Each structure stands twice: as structure tokens, then as C-alpha cells.
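Morning, everyone. Please have a look at the structure on the screen. I'll be quick.

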Amino acid sequence: MQILVAVVTNGSAVLGLGNIGPLAAKPVMEGKAVLFKKFAGIDVFDIEINESDPDKLCAIIAALEPTFGGINLEDIKAPECFYIERQLRARMNIPVFHDDQHGTAIIVSAAILNGLQVVGKSLDSCKLVVSGAGAAALACLELLVDLGFPLANIFVCDLAGVVYQGRTELMDEEKARYAQATDARTLADIISDADVFLGLSAGGVLTQAMVKKMASKPIILALANPRPEIMPEEIRAVRDDAIIATGRSDYPNQVNNVLCFPYVFRGALDCGATTITRSMEIAAVHALAALAQAEQSDLAAAAYDNHHVAFGENHLIPLPFDPRLMSHIAPAVARAAMEAGVATRPIEDLTQYAQKLSQFAYHSGSFMQPIFNNAKKTSIANKRIVFTEGEDERVLRAVQIILDEQLAKPILIGRPHTIKHLLKQFGLRFRLDSDVTVISPDLEGLYDDFWRSYWLLAQRKGITESAAQLAMRRQHTLIGAMLVKKGFADGMICGTSGEPGHHLHEVDLVLGKRAGASVYAAMNYLLLADRQIALVDTHFNQNPSAAELAEITLLAAEQMRHFGLPPRVALLSHSNFGSHQHGSASKMREVLALVKQFEPELEN
């Protein structure tokens, strides 16, 4: 299986720099190679070719086929790029993808589809005005037309003005398709009542006066870089109903090709696609649009220091660092390739394939996915689990995943009106009235029973009657423990804030240790590049005895087996193969003897 891509250019149309030649284009191509590797695990050679003749360039690139699984054409000027891509797709039996055209088109199309949904407009009844008629702009239009945008509703303006029927200046076959029968000759003439503006041209070409003339709730994609066709703040000064996207990272809705090309190639390469079809591109559009409508990834939110992004006018497309992009787009592309009959290695189980891709982004995936799968097959999925910090964003996002994966029946402790507000703020989909149970901190009819029961358990341990009443009002971990104690829940998760010992104190008072256990211990899982290690005990016991350490070791081994992993134990001290005979070294030798006594088969 060839997972090696060539990023090829002749440097004739480098973004923002123009025709600077192949050598000057090399840093950009090297950066592209890094993005392939970082985001999709694809190895790349950047190849800069000193050739401007389209036919000679085609011959050079086509001769590379035995070495590569795919070709990413980059920064080749129009209209030659159209001819070169068509020729290579006809001659080569591997995917050929001009990212400046199709990568941009996929992301722009997803943004427009979602933007129209946000403003409540229909694709087939909108007017689209385009500034620019280069490779990216024309590719965007071709894809939008295939998605259902009426050709008659598209108006294009380039350096020579409006593309109209009968015009001869700066015209070519690709551009002529969008020539309209109109007397309009400038961008200002055609912008009136436009629902969508797409700019892939030059900074400053769209004025505030033009924006004022657009239809209600206009969608403005000003994608020239580094200076857009119009700055977002200029739009806001004259239109408060506009939805705006740019190519810049310092504004919402960044149209960035890294959202697309690594994952299109990943899906195409993994199924052995011989080409990239239009249906594969459309599949990527819909996957990208759907992901933006899903709740925000906590890792993406953390990367952008923004935990409050939800689908809407400022979030039409996913953020570039959303780790779910590969597991959503690549399987969609692979499925489309198989349906189109161009996959030489069809993927039998796309669900399993998506899970495998998730492990690339989420390093915990290889550890957690088997646990998820096991939970789905057992009665665990019917267990009622209390989440004591029900108003915490991390908890709410975790609950959404638990519901999606059908892992358990969540119970949230929190104020219903606050949780409802947070669900809307974070763009989460689950509903309080049907998907989860919410227990308000005031406990409604349960309060008297709960505080009295707690007092009876703790009255000899420093808890007075009034203290029990107050604690049952304030301490959510205590409420969760009582829900388990009283049979309203089967388990609980607490401690997203505060000291672990404080939470354990409440759990100990209400639930206590299981029969036969004499010590509490914490286990943390460390995910390394080449292996996974559980560390025990990391929180509770400052100087445990040898007997306690042996018990902790055996409990940890039992837990590892519960995860489906064979335990191998290492007992650590300051001694190195008997170099010391006292302190922790002596204690650990005693622990080893006890472990061997109780479980002689345990590997250590």
C-alpha cells in the first residue's frame, strides 16, 4: 500500500506572491509536506519543477507514478492548471488533486451550505457574486453548481470586469461557462441583491457601499490573503446581519485548505483510489458541513482558547485543529470512492476504519476504544451513572459522547435551567427531558431522607445534625454518593474540581470500601508513544505499609484485567537491583514477597 504523496509545483502562482518560480516556491511546498504528515500521517516529497510548458510538465509528473500513491498539484497558474490536471488524471492511475482548485472549493461549498442554513435561505434561489476568475474561484463555482446552485444565478467579475456574453478580453473556455446576458460591467453593478459574495481576488475590491446593496442576511466570503476583499470590521460598520468568512486565522470562519486536503488524500489512499471523483469531493463537503454542526471538540476549543463555539454565524466550518476531521472526512471520501467503483482496496468496515483514524488524533483511543466496545456488549450500557459536576463543560461534553456511544444512562447533578443554557452555548445535542436525568441540588422530595441518612452514617465522625443538613445542600459529591447508596444510581463520577481527598472523604463516609478491601488508591494512565503505563498510587497514601502496597498492586492488576489488558507489574524504589538494603527498597522487597504469595502467576 503506497502512502506517499508528491506535492508538485512549478512556482507559477504562489499564494500572495505570484509567479516566483520553483526554487522560491520550495519553502511553501515544504510547509505543505509538514501539514500532510502532522494532520494525516502521510509522508510527502516536495517536488519543484523548472518547467512552464504544460505538456512537458505533464510528462515529467506522469513519469513519477511508480514512486507515489498520489499527486498534490500546488500553486500552478490558471488556465494551465486546468489542462495539466485533466491530462494527468487521464494518464495516471493514482489520485491527482489540485488543492488550489478543489481543496478551496470543498471548504467554500461547506461554508456556503451551512451559511445558507443559518440564515434560512435556499441554495436554488440565491444570487451569487464572485470576484476573481482564477483556478480557485472557477473550481468553487463548478462544485457549487454540481451541488445545486443555479448557473443562471452566478455572476463573475475579474480584472476586465463582469464576465458577460460576447466579451473577448481575458476569456477562456472555463470562464466562458459563467458569462451572463447582462448590461452590467462592474462589480458594483452586479452586487445589488446578492445573497452571497465570494472573493478570491485582491484586497479592497469590495466596498462598504457595495455591501449595503446586498440582500438581507448576506454571506460574505472575502478570502484574499493577507488583505481580504473587505475587512470584517468594515462590513460590521454597515451591516449587522452579515455572515463573514475570511482566509485569516484572526477572524472566525477561516477558510483554510488544511481542513480538507490531508483527509481527502487519507481516504483516497487507504482505499486504493485510482482517481478523485466529483462524488468524493461532494462527500467531503457534506462531511465537513456536518462536523461544523456537531458539538465543538474540547481539544479544538482548547487549542483556540475558545470553549463557547457552537454552530452558527461564527462557526460555519470546523476549526483546523479539530481532531475529528480525519475520522469524519476520510471515511466519507473512501465510501464515495467505493460507490464510484474507483477503489482498488475497498474498506470492509468503515466504522472500524473511522475508529482507527480517531486513534491517530486521540492518543487515548487505542486504550479507550476496546473499553467502549466492551461496555456496549455488556449490561454496563444500562447502568445509571451520576455526574456530580453537571454544570461543568467537560462533563457535559463527556455526557454527549457517552450518549452517542450508548455507554451508560447519565444522571446530572445541577440546576436544570443552567444546564439548558450551557447545552445551547456549547452546541450540544442531548435533551434534559429525554436523554438524561437531572437532579437539582435542592433534591426536591429527597432532601429530608438524604440528610438524615447521612447524619446517621457520620454522626460519630464529627458531623452534627445541622452540618449534615448544610452539607446535603452544598456538596454535590455527597449527593451523588447518597444517590448510589439509596439505589437511584449504579455508579458516580466526581472530582473535576477541588482536591481528590475532599471528594474521597464524602465517598468514604457514605459508601465506604468494598468487602475485603482495607485501602483506597488512585490509578493514572500514562499514554506514551510506544506503550501505555498505569501509575499507582498517585494521590491518597503518603507512606503506605508493605501490606497496603501489596493490596494496591493486586487491585491494580485486577483493574487492568477488567480493561482487557494483561498486567505486568514493576515495583519502584530508590534501589537498583539490590543496591540498597533499607527504606523503600526493603519495603518493596517485602511487597514483592506478599504479591507472589497471594498471586504467584502475576508477571513482575
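One term before we start: a residue counts as buried when its relative accessible area is under 20%. Keep in mind that this is a predicted model.

Let's begin with one leucine. Is L187 buried or exposed? Its relative accessible area is 8%. The cut-off is under 20%, so L187 is buried. L187 belongs to helix α7, which covers residues 187–190. What does L187 touch, leaving out residues up to four places away in sequence? The partners are V129, C157, F197, V205, L206 and M210. There is also a C-alpha pair to note. L187 and S131 are 56 residues apart along the chain, yet their C-alpha atoms are separated by 7.5 Å.

Now a second leucine, L535. This one sits in strand β16, residues 532–536. Its relative accessible area is 39%, so L535 is partly exposed. L535 also joins L526 and L528 in a nonpolar surface patch of about 220 Å².

Next, the whole protein. We have 604 residues, and 49% of them are buried. The secondary structure holds 23 helices and 16 strands. The C-alpha atoms fill a box of roughly 95 × 55 × 40 Å along the principal axes. Take the contacts with a separation of 6 or more: 68% of them link residues 24 or more positions apart.

Last, surface and charge. The exposed area is about 28300 Å², with 52% supplied by carbon and sulfur atoms. How many charged side chains of each sign are there? The protein has 55 positive and 68 negative ones. The centres of those two sets lie 5 Å apart.

Key
Residues are numbered from 1 along each chain as its sequence is written. This is a predicted model: local features need pLDDT of at least 70, side-chain atom pairs count only at pLDDT 80 or more; totals for chains, interfaces and linings use all residues. Side-chain values use heavy atoms; hydrogens and water are left out. Patches are made of residues with over 30% relative accessible area and no salt bridge: like charges are joined within 9 Å, nonpolar side chains (Val, Leu, Ile, Met, Phe, Trp, Tyr) within 5 Å. Accessible areas come from the Shrake-Rupley method with a 1.4 Å probe; for residues, only the protein chains shown count as cover. A salt bridge is a side-chain nitrogen of Lys or Arg within 4 Å of a carboxyl oxygen of Asp or Glu. Helices (H or I, at least four residues) and strands (E, at least two) are DSSP runs, numbered from the N terminus. Buried means under 20% relative accessible area, exposed over 50%, partly exposed in between (1.4 Å probe, protein chains only). Contact means heavy atoms within 4.5 Å. Lys and Arg count as positive and Asp and Glu as negative; His and the chain ends are not counted. The place of a charge is taken as NZ of Lys, CZ of Arg, CG of Asp or CD of Glu.
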